[in-house]
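Here are a few short exercises on backbone geometry and burial. Have a go at each one before you read the worked solution.

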Amino acid sequence: MAATTTLGFVLPTGVSRRRGGFRVSLIRCSASPVTNPTASGLVEKPWDSYNARLVLEDGSIWPAKSFGAPGTRVAELVFNTSLTGYQEILTDPSYAGQFVLMTNPQIGNTGVNLDDEESEQCFLAGLVIRSLSISTSNWRCTKTLADYLTQRNLMGVYDLDTRAITRRLREEGSLNGVLSTEQTKTDEELLQMSRSWDIVGIDLISDVSCKSPYEWVDKTDPEWDFNSNSRDGETYRVVAYDFGIKHNILRRLSSYGCQITVVPSTFPASEALKMNPDGILFSNGPGDPSAVPYAVETVKELLGKAPVYGICMGHQLLGQALGGKTFKMKFGHHGGNHPVRNNRTGQVEISAQNHNYAVDPASLPGGVEETHVNLNDGSCAGLSYPAMNVMSLQYHPEASPGPHDSDNAFKEFIELMKRSKQSS
């Protein structure tokens, strides 16, 4: 007897099933191959096929559909819990060497636009999502996410069980993996690639930092500037070390009255001091702070010479320069919804974070204060060393497009520079 197939079961031809008193009609599907696809009108399938794979070092293989550039790439897989802001994530240099899995199930519904970029290019290795939006709906949209990734030569895959993968990362920690659209490569070859690569100990900052100093002048667009009443109108000269700096950090500093010179990660401390800065910023950046000892030495040379402010990687480098230690976290902090307690005020900020390493507060010398703590796991989220006019945060106070709770940290840096100028 011929068979009729339906989703999840097979019934003989002519047999139907009743549900709740209603007769359910079955769609009859032919199991025979199509010998002439052109004549039958089936030249193209009306759906995408599984043409890519994510292979993780634990041996798991996840079939996927490609919507970006083709190829094969190896990186560390991390998950991000932000509900929006995928374009800021794509252009955040701190994601160099990583695949980013978005836990929000649908991505791409607002398209992309040039105004939301955090740098001039994409540095992450690939984007992993559950569902790719079939349409875009935003008045600022200039192109689709798929077109954007293709033009930027960035891999993107979708239609994976991202919740299952996220659970795996939370249980086992961040995993190295390989994304590939090349069908000629076997699963075993891709697995070996994932197991023979390691992000620990790699200097990722050199590839994302600028190559020569430049002046930054752009401020936050007045349409988006929500905190303009808390500024004193004075001007402060700031040297910003680019370890992978985000544009909106520079915009917020500029909006608070800073004249900014951005310098490369290898810029000599002596040359920075010749600029007579009122303050020095050590920016965010990717990877392992222990892999860039030259940056730690630069920070050491500048401590006590001018007020300093460290953000993310800058915070970790300050921790090491002050004599502390850093360590790799199990799966890091990546998202726009991390609660942080300010130990000085008792207030809780909802913060945007992106880091895989943290400072061990127990390793810090006396006089260094842990000003902020992450309430999810108790890790160090901020430092202060008043004797040397040092402040730092492990998260992103500019938080574009995240919450604005921490924007006043820029005002604190201004106050630090102001007090230093008055006492000199």
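**Exercise 1.** Work out how many helices and strands the protein has, then look at its burial and contacts.

*Solution.* Start with the element count: this predicted model has 11 helices and 23 strands. Next comes burial, where 52% of the 424 residues turn out to be buried. Then take the contacts between residues at least 6 apart in sequence: 74% of them link residues at least 24 apart. Finish with the surface: about 19600 Å² is exposed, and carbon and sulfur atoms supply 50% of that.

**Exercise 2.** Find out whether the peptide bond from S400 to P401 is cis or trans, and place P401.

*Solution.* Check omega for the S400 to P401 bond: the value is near 5°, and the bond is cis. Now place the proline: P401 sits in the loop that runs between β23 (390-393) and α11 (408-423).

**Exercise 3.** C312 has a positive phi although it is not a glycine. Where does C312 lie, and is C312 buried or exposed?

*Solution.* First the torsion: phi of C312 is about 55°. Then the location: C312 belongs to the loop between β18 (308-311) and α10 (313-321). Last, the burial: the relative accessible area of C312 is 2%. The buried class covers values under 20%, so C312 counts as buried.

**Exercise 4.** Repeat the steps for N389, another non-glycine residue with a positive phi.

*Solution.* N389 has phi of about 55°. The loop holding N389 connects β22 (380-385) and β23. Relative accessibility of N389 is 27%. Partly exposed runs between the 20% and 50% cut-offs, so N389 is partly exposed.

Notes:
Residues are numbered from 1 along each chain as its sequence is written. This is a predicted model: local features need pLDDT of at least 70, side-chain atom pairs count only at pLDDT 80 or more; totals for chains, interfaces and linings use all residues. Side-chain values use heavy atoms; hydrogens and water are left out. Helices (H or I, at least four residues) and strands (E, at least two) are DSSP runs, numbered from the N terminus. Buried means under 20% relative accessible area, exposed over 50%, partly exposed in between (1.4 Å probe, protein chains only). Contact means heavy atoms within 4.5 Å. Accessible areas come from the Shrake-Rupley method with a 1.4 Å probe; for residues, only the protein chains shown count as cover.
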